[in-house]
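Thank you all for coming; please look at the sequence and the model on the screen while I talk, and I will take us through a few places one at a time.

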Amino acid sequence: MPYYSEELIEEVRSRSDIVAVVGARVKLVRKGANYFGCCPFHNENTPSFSVSPSKQMYYCFGCGAGGNVLTFLMNYENIGFQEALSELAGRAGIALPEREMNEAERQEESLRKRMLAMNNEAARYFYHLLRSENGRAGQNYFQGRGLKPETMQRFGLGFAANYYDGLYRYLKKQGFSDTELKGSGLVRFSEAKGARDYFYNRVMFPIMDRSSRVIGFGGRIMGAGEPKYLNSPETMIFDKGRNLYGIHLAKNSRRPYFLLCEGYMDVIALHQAGFDCAVATLGTALTAGHAQYFRRLGRPVIICYDSDGAGIKAAMRAIPLLREVGINCRVLNMRPYKDPDEFIVHEGAEAFEKRIDEAINAFLFQSDVWKSEYRLEDPAERTAFDRKLAEELAGFSEPMERENYLTAVCSRHGIPAEHLKGLMNAVGNRRYQSPETAAPDLEEMAEASLSRAGKGQAGLLTAAQVLLCWAALSRAPAGRIRELLKEDDMPSDIYRRIYRQILEEKEEKGQVQPAALVSRYAEDEESSKLVAAVFSRTLREDMEKEEKSRILSENLQRLRKEALRNALKSGGDAARTAELVKEMARIGSLAIRESDI
Ligand SMILES: [Zn+2]
């Protein structure tokens with residue numbers, strides 16, 4: 001972040017209206033002084049995501065996501081601080097000065113470029129080898145799998161022959177040094193054997209990022225042998241958890257969804273059959289990072305995993321991750337065939353198209369799988385199955401959604417709706433209100449979280465946030481605030497740091513700009529979220545000052561008591577202990593007066 005001055009960052013931020021920037025991506029509705037919408041960072045149908053035009057901040061009461069216009073763009077578009085800043089500057093017509101990279105960055109940048117160039121050269125090497133006399137085995141393999149030459153070309157398929165250092169020597173000839181090769185994942189170095197190619201005797205699948213740059217490889221062994229598929233290790237340009245095979249083509253597909261498959265050959269076979277929206281993870285299970293990636297791509301996902309036990313298991317793991325980020329997800333039934341390739345060979349593309357139409361909702365798919373795990377003719381197991389469904393249904397926090405799934409699941413498995421509803425409410429009572437009651441009002445939610453101040457650690461943190469918010473927005477001078485609220489009252493380092501920062505801002509500028517404070521923490525998600533949480537704790541305008549003073553004083557007493565208790569627990573000499581005990585006795589008189597608000 002420090003490449004640009006704080007003033008410049010602040011100018012860009014203050015000239016970018018958060019309502020406009022968020023509103024272009026999330027549907028917002030005005031309610032009182034604020035705007036509300038469904039949170040783009042977690043799955044929900046009733047809005048708990050708020051945007052405050054006066055504070056220029058956003059905050060989600062559901063998942064705690066929050067920050068200013070910069071962090072919103074960073075998190076929503078998954079870009080870095082610099083990129084977010086330059087996008088906003090562009091919108092606002094502010095010219096950012098060319099920034100000088102420091103030495104470490106320059107080196108990293110140039111190494112990154114070399115890595116990309118090296119992977120690109122390696123892809124050329126494999127590509128030409130496949131089409132040479134020595135690539136016969138690879139050609140035979142791909143032809144045997146029914147790939148046309150143009151498909152092989154579109155995916156840049158290649159071959160690594162049975163030489164142990166063919167690629168190494170080729171890359172050396174292209175001018176790459178051993179140091180560069182060491183971090184590339186293409187060559188292994190060992191004392192005993194020297195440099196050896198990472199891939200040999202394999203057909204090669206270059207893996208490309210969204211911009212069609214080669215970032216790594218997958219290789220399938222010729223004949224028997226282990227491992228069957230080998231992938232490049234992670235390098236500075238190859239992050240398996242954040243890339244998808246085939247995405248450089250699928251992102252341009254006109255189909256309004258993605259087909260998510262297990263393997264490279266599935267993707268290629270589907271593309272060849274006209275399903276150019278197929279992608280696969282890179283030899284790993286789907287991760288939360290992939291789910292986020294899909295969310296940003298903004299299209300629903302149809303899972304086309306193998307129909308065997310492993311495929312079903314993988315689908316069962318992927319579904320909750322996709323649901324978590326609000327991706328609409330269905331599951332395609334490939335039976336009686338094992339994978340998309342086999343299906344299309346036997347039934348053709350049209351039949352596959354039909355299976356896409358028939359793909360079932362992911363929750364119904366899950367319910368089928370759970371059902372298969374119980375012997376339903378046994379009454380005890382039948383009950384256990386019903387309970388399982390009730391528990392899973394109770395996990396949907398949206399009443400409407402929960403209701404719809406309940407209806408669908410009941411009709412699918414022939415369960416009386418009233419029965420399952422009863423079970424679900426019993427299970428869900430602890431977690432949620434019954435579906436009949438309306439979603440709580442947002443301002444009330446904020447309000448409730450304030451005065452409730454809860455028990456235990458969570459309540460303590462809320463109390464600290466309430467007081468930080470007061471410290472930042474109060475009209476009282478920094479000196480007076482310092483007198484009332486001690487740094488030691490704060491429950492942890494990060495709270496202490498933010499408190500210090502608030503006082504500094506107040507002293508320097510006379511007042512605290514909530515959104516400006518976030519910029520300082522833009523690259524530290526935990527802190528920027530906390531700052532956003534703090535500023536969601538404002539006491540309502542129309543609340544009596546007397547009431548405000550009471551709430552603030554209570555919270556202050558609560559924090560002080562906990563801090564003193566901790567100090568006592570950590571021991572010390574007799575004099576210190578006596579002092580703490582004395583202070584403890586005075587807690588009741590601690591007060592934030594109406595004039596301090
Ligand atoms: Zn949220």
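Which residues form one aromatic cluster? Keeping in mind that what we are looking at is a predicted model, the answer is that Tyr141, Phe142, Phe155, Phe205, Tyr229, Tyr245 and Tyr264 make up that cluster. Across the model, the count of aromatic pairs comes to 30. I will begin with a pair outside that list, namely Phe49 and Tyr58, whose ring centres are 5.6 Å apart and whose planes make an angle of 40°, so that the pair is described as tilted. Phe49 counts as buried because its relative accessibility is 0%, and Tyr58 counts as buried too, at 1%.

From the cluster itself I would pick out Phe142 and Phe205, where the centres are 5.9 Å apart and the planes stand at 90°, and therefore the pair is edge-to-face. Phe142 belongs to helix α6, residues 136-144, while Phe205 belongs to strand β9, residues 202-208, so this pair ties together parts that lie 63 residues apart in sequence. Both of these phenylalanines are buried.

Aromatic rings also meet charged side chains in this model, and I have two cases to show you. Arg131 lies over the face of Tyr127, at 3.5 Å from the ring centre. In the other case, the charged end of Arg295 sits over the ring of Tyr76, with 5.5 Å to its centre.

Let us turn now to the metal. Which protein donors does the zinc ion have? They are Cys39 through SG, His42 through ND1, Cys60 through SG and Cys63 through SG, and they lie 2.1 to 2.3 Å from the ion. If you follow the chain, these donors show the spacing C-x2-H-x17-C-x2-C. Why is the arrangement called tetrahedral? The reason is that the 4 donor atoms subtend angles of 101 to 119° around the zinc ion. For comparison, the ideal angle for four tetrahedral donors is 109.5 degrees. The surroundings of two of the cysteines are worth setting side by side, because Cys60 has 0% relative accessibility and counts as buried, whereas Cys63, with a relative accessible area of 32%, is partly exposed.

Staying with cysteines, you may wonder how many disulfides are counted here. The count comes to 0 disulfides. Cys304, for instance, is in no disulfide, and the nearest cysteine sulfur, which belongs to Cys261, is 5.2 Å away. Cys304 is itself buried, with a relative accessible area of 0%.

Next, the backbone, where I would ask you to look at some loops. The peptide bond from Glu226 to Pro227 is cis, with omega near -15°, and Pro227 is found in the loop between β10 (214-221) and β11 (229-231). Another cis peptide bond runs from Arg335 to Pro336, with omega near 5°, and Pro336 lies in the loop between β15 (329-331) and α14 (340-358).

Positive phi angles are the other backbone feature I have noted. Gln56, although it is not a glycine, has a positive phi of about 60°, and this residue is in the loop between β3 (49-52) and β4 (57-60). Ser212, also not a glycine, has a positive phi of about 65° and is found in the loop between β9 and β10. Is each of these residues buried or partly exposed? Gln56 is buried, with a relative accessible area of 15%, while Ser212 is partly exposed, with a relative accessible area of 39%.

I will finish with a helix, α22, which covers residues 493-509. This helix has 17 residues and reaches 24 Å from its first C-alpha to its last, close to the 24 Å expected at 1.5 Å a residue. Several of its residues are buried, among them Ile494, Tyr495, Ile498 and Leu503, and the buried set also includes Gln501, Glu505 and Lys506. Just after α22 comes Gly510, which takes a positive phi of about 85°.

Note on methods: Residues numbered from 1 in each chain as written. Predicted model: local features only at pLDDT ≥ 70, side-chain atom pairs only at ≥ 80, totals over all residues. Heavy atoms only, no water. Donors = N, O, S within 2.8 Å, 3.2 Å for Na, K, Ca; no water. Tetrahedral: all angles 85-135°; square planar, octahedral: opposite > 155°, others 65-115°. Buried < 20%, exposed > 50% of the residue type's maximum accessible area, 1.4 Å probe, protein only. Helix = DSSP H or I, 4+ residues; strand = E, 2+ residues; numbered from the N terminus. Expected span 1.5 Å × (residues − 1). Phe/Tyr/Trp six-rings, centres within 6.5 Å; stacked < 30°, edge-to-face > 60°. Lys NZ or Arg CZ within 6 Å of the ring centre and 35° of its normal. Disulfide = S-S within 2.5 Å.
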